[in-house]
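Thanks for coming. I will go through one chain today, from the whole down to a single helix.

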Amino acid sequence: MESIRFAIYVREGDTTYDAIDAVPEQLRTRMLAVRAFDVDAMMTGCELVDGRELEAAIARQFANSKAAYLHVHFAAPGCYAARVERA
């Protein structure tokens with residue numbers, strides 16, 4: 001399998017958000033692209049969602065048993081924002 005590479009920008013002072021069943025406020029104010037991937041890093045689903053509705057989108061994507069994890073991107077610039085894993 002080829003490695004997949006993307007540019008990820010990290011601001012100085014940013015930290016990992018490791019809360020369970022909680023959404024960072026920064027994601028609530030944006031349009032987001034939620035992308036589901038299987039264990040082989042193949043996309044199994046995706047959708048655009050208002051950040052205020054992120055929990056519902058997460059639930060819909062994880063309803064597919066093949067979805068191992070999700071990536072959340074800020075929709076307009078397409079920048080990576082977060083990885084969501086099953087708890």
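I start with the overall make-up and then turn to one residue and its helix.

This is a predicted model, where local features need pLDDT of at least 70 and side-chain atom pairs count only at pLDDT 80 or more, while totals for chains, interfaces and linings use all residues. Residues are numbered from 1 along each chain as its sequence is written, and side-chain values use heavy atoms, with hydrogens and water left out.

The chain has two helices and four strands; these are DSSP runs, helices being H or I with at least four residues and strands E with at least two, numbered from the N terminus. Their order from the N terminus is α-β-β-α-β-β.

Of the chain's 87 residues, 31% are buried, meaning under 20% relative accessible area with a 1.4 Å probe, protein chains only. Among contacts (heavy atoms within 4.5 Å) with a separation of 6 or more, 40% join residues 24 or more positions apart.

Now to Q61, which sits in helix α2, residues 54–62. Is Q61 buried or exposed? Q61 counts as buried, because its relative accessibility is 9%. Beyond neighbours within four places in sequence, Q61 contacts V34, A36, G45, C46, E47, A67 and L70.

Q61 has company: L54, A57, I58 and F62 of α2 are buried as well. These residues lie on the same side of α2, because they cover an arc of only 125° around the axis, taken from the directions from the helix axis to the C-beta atoms. What do the buried residues of α2 pack against? They pack against α1 (25–28), β1 (31–37), β2 (43–50), β3 (69–74) and β4 (80–85).

Technical notes
Buried < 20%, exposed > 50% of the residue type's maximum accessible area, 1.4 Å probe, protein only.
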